[in-house]
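Welcome, and please load the model in your viewer. We will go from stop to stop, with a selection to make at each one.

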Amino acid sequence: NVPPRIVDVGATAPYRISIGPGLLDDGDLLATTLRGRHALIVSDANVAPLYADRLEAALRRAKPNLHIARHVVAAGEAEKTLANFGTVIEALAALGATRDASVIALGGGVVGDMAGFAAACWMRGIDCVQVPSTLLAMVDSSVGGKTAVDIPQGKNLVGAFHPPRAVIADTGMLHTLPPRELRAGLAEVIKYGAIIDASFLAWLEAHCDGLLAGDDALLADAIARSCQHKAAITERDPFEHGERALLNFGHTFGHAIEAEQGYAEGLNHGEAVAVGMVLAARLSQALDMATRADADHLQMLLQRFGLPTAIPASLDADALLARMRLDKKTQASGLRFILWDRAGAASVVADVDEAAVLGV
Ligand code: NAD
Ligand code: ZN
């Protein structure tokens, strides 16, 4: 019996994040987030068979007059397309969704981003309730209001800022998540500790085994703390003029690794970010910002969580550097990195010396 953790966020568009096991069956909680008579549940082919019936049954119990439709897309990043976005829009049209309708995004970040973008566009913006089913979606993509789809020219190039109406994170759903996906989400959780919260980092270290074993109370606490940090940072800097960039810790290296290996194979996003955080820490060490002991410690922590900490041997350093030069966030100011000072402290540094980058 784990009581839900509540995180209230958003100054201009406030919303509540509820976190805990069993929330998927809490029809009253779900119903309070819906304003109108129409709800479209958007999910993917892995998640829908596991959870869509429960969600729909809970909604019907709490709100018998609700018109509910379900739209299921194939699973995977390759499906986060304009074409699938179009099918969500068509499903809203078929439902006869009015301005007070809601999209319910039941799935990982792929579903959340695409369904959120469809909600942002239908009638210039309707409510989107995020029901994230991966740890990454619970701690990252469902919070902060960024929605998007990919196009062949790049990931997330078409999208909108559209904060959710509510986020309902049922930690029970994490029990069916492949362990590798859980660890990938934990990489992003560790990131929050590394950049902004030293005591959280120590807490994660102390509870590594329980978190990896899927303990609901520990996961709920870790998700709540992560959401608090993401929400606080994005509220202070919604359009990434400053502090929000810290959330990219490990991501300049990580994105280069993902792009160079091809997105469909090799490391997943969280794993690439884990490697990227170690490289960023080593770069900080080389530039006399972080101590060797701190960088060693971060690497050891990521290893304890079963995450990779070295660049795959098949990838070439010069090719990765070339990718980093192309990264949209580095273009204006030379190579830009989130460098690490110590546990809980990071800073944005522009014009980082390429030789030092190649060195790590
Ligand atoms: P995902 O949505 O592809 O989910 C990963 C896999 O797990 C999929 O195969 C999915 O079907 C499956 N799955 C999901 N939940 C499950 C469950 N409970 N049980 C069993 N299987 C389950 O990937 P993701 O890692 O959740 O999200 C990645 C996406 O998030 C990327 O597109 C990325 O761009 C986006 N993202 C967005 C933001 C943002 O701020 N909007 C932030 C970070 C990442
Ligand atoms: Zn990330």
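One cut-off before we start: a residue is called buried here if 20 or more other C-beta atoms lie within 10 Å of its own, exposed if there are 12 or fewer, and partly exposed in between. Keep in mind that this is a predicted model.

**Stop 1: the whole chain**

Show everything as a cartoon. You should find 14 helices and eleven strands. Along the principal axes, the C-alpha trace spans about 65 × 45 × 35 Å. How does the radius of gyration of the protein fit a compact globule of 360 residues? Such a globule would have a value near 21 Å, and the protein has 20 Å, so the two agree. Colour by burial if your viewer allows: buried residues make up 50% of the 360. If you prefer a contact map, take the contacts between residues at least 6 apart in sequence; 73% of these join residues at least 24 apart.

**Stop 2: two domains**

Now select 5-176 and 187-359 and give them two colours; these are domain 1 and domain 2. Their centres, taken over C-alpha atoms, are separated by 27 Å. Where they meet, domain 1 contributes 21 residues and domain 2 contributes 18.

Stay on the domain 1 side of this contact. Strand E1 (5-9), strand E2 (15-20) and helix H5 (135-141) each supply at least two of its residues. Which of these elements gives the largest share? It is H5, with four residues. Colour this side by residue class and you get twelve nonpolar, six polar and three charged residues.

**Stop 3: ligand 1**

Centre the view on ligand 1 and display its shell, which holds 28 residues. The closest are Asn-46, Gly-108, Gly-109, Thr-134 and Ser-141, so label those. Helix H2 (47-62), H4, H5 and strand E8 (154-161) each supply at least two residues of the shell. By class, the shell has nine nonpolar, eleven polar and eight charged residues.

**Stop 4: an annotated site with Gly-109 and Lys-146**

Select Gly-109, Val-110, Val-111, Gly-112, Asp-113, Lys-146 and Lys-155, which an unreviewed UniProt entry annotates as "binding site". Two of them deserve a click.

Take Gly-109 now, in helix H4 (residues 109-121). Is Gly-109 buried or exposed? Gly-109 counts as buried because it has 23 C-beta neighbours inside 10 Å. Leaving out residues up to four places away in sequence, Gly-109 touches Thr-134, Leu-136, Ala-137 and Ser-141. Thr-134 and Ser-141 will look familiar, as they are among the residues closest to ligand 1.

Next pick Lys-146, in strand E7 (residues 146-151). Lys-146 is buried as well, because 20 other C-beta atoms lie within 10 Å. Beyond its neighbours within four places in sequence, Lys-146 is in contact with Gly-159 and Phe-161.

**Stop 5: a second annotated site**

Select Glu-188, His-251 and His-269, which UniProt also lists under "binding site" in an unreviewed entry. Why can these residues be said to gather at one spot? They span 82 residues in sequence, yet no two of their C-alpha atoms are more than 10.2 Å apart.

Click on His-251, in helix H10 (residues 251-261). His-251 is buried, with 23 other C-beta atoms within 10 Å. Setting aside neighbours within four places in sequence, the contacts of His-251 are Val-273 and Gly-276.

Then move to His-269, in helix H11 (residues 269-286). His-269 is buried, with 23 other C-beta atoms within 10 Å. Apart from neighbours within four places in sequence, His-269 is in contact with Ala-184 and Glu-258.

**Stop 6: backbone angles**

Finish with a look at phi. Asn-156, in strand E8, has a positive phi of about 55 degrees although it is not a glycine. Asn-156 counts as partly exposed because 15 other C-beta atoms lie within 10 Å.

The other residue to select is Glu-240, in the loop between helix H9 (216-236) and H10. The phi of Glu-240 is near 60 degrees, a positive value in a residue other than glycine. With 15 C-beta neighbours inside 10 Å, Glu-240 counts as partly exposed.

Note on methods. Residues are numbered from 1 along each chain as its sequence is written. Chains are lettered from A and ligands numbered from 1 in the order in which they are written. This is a predicted model: local features need pLDDT of at least 70, side-chain atom pairs count only at pLDDT 80 or more; totals for chains, interfaces and linings use all residues. UniProt positions are given in the numbering used here, feature names are shortened, and annotations may be inferred rather than shown by experiment. Two residues are in contact if their C-beta atoms, placed from the backbone, lie within 7 Å. Domain bounds come from an automatic or database domain assignment. Ala, Val, Leu, Ile, Met, Phe, Trp, Tyr, Cys and Pro count as nonpolar, Asp, Glu, Lys and Arg as charged, and the others, Gly among them, as polar. A residue is near a molecule or strand if its C-beta atom, placed from the backbone, lies within 6 Å of it. The radius of gyration is taken over C-alpha atoms; the globule rule is 2.2 Å times the number of residues to the power 0.38.
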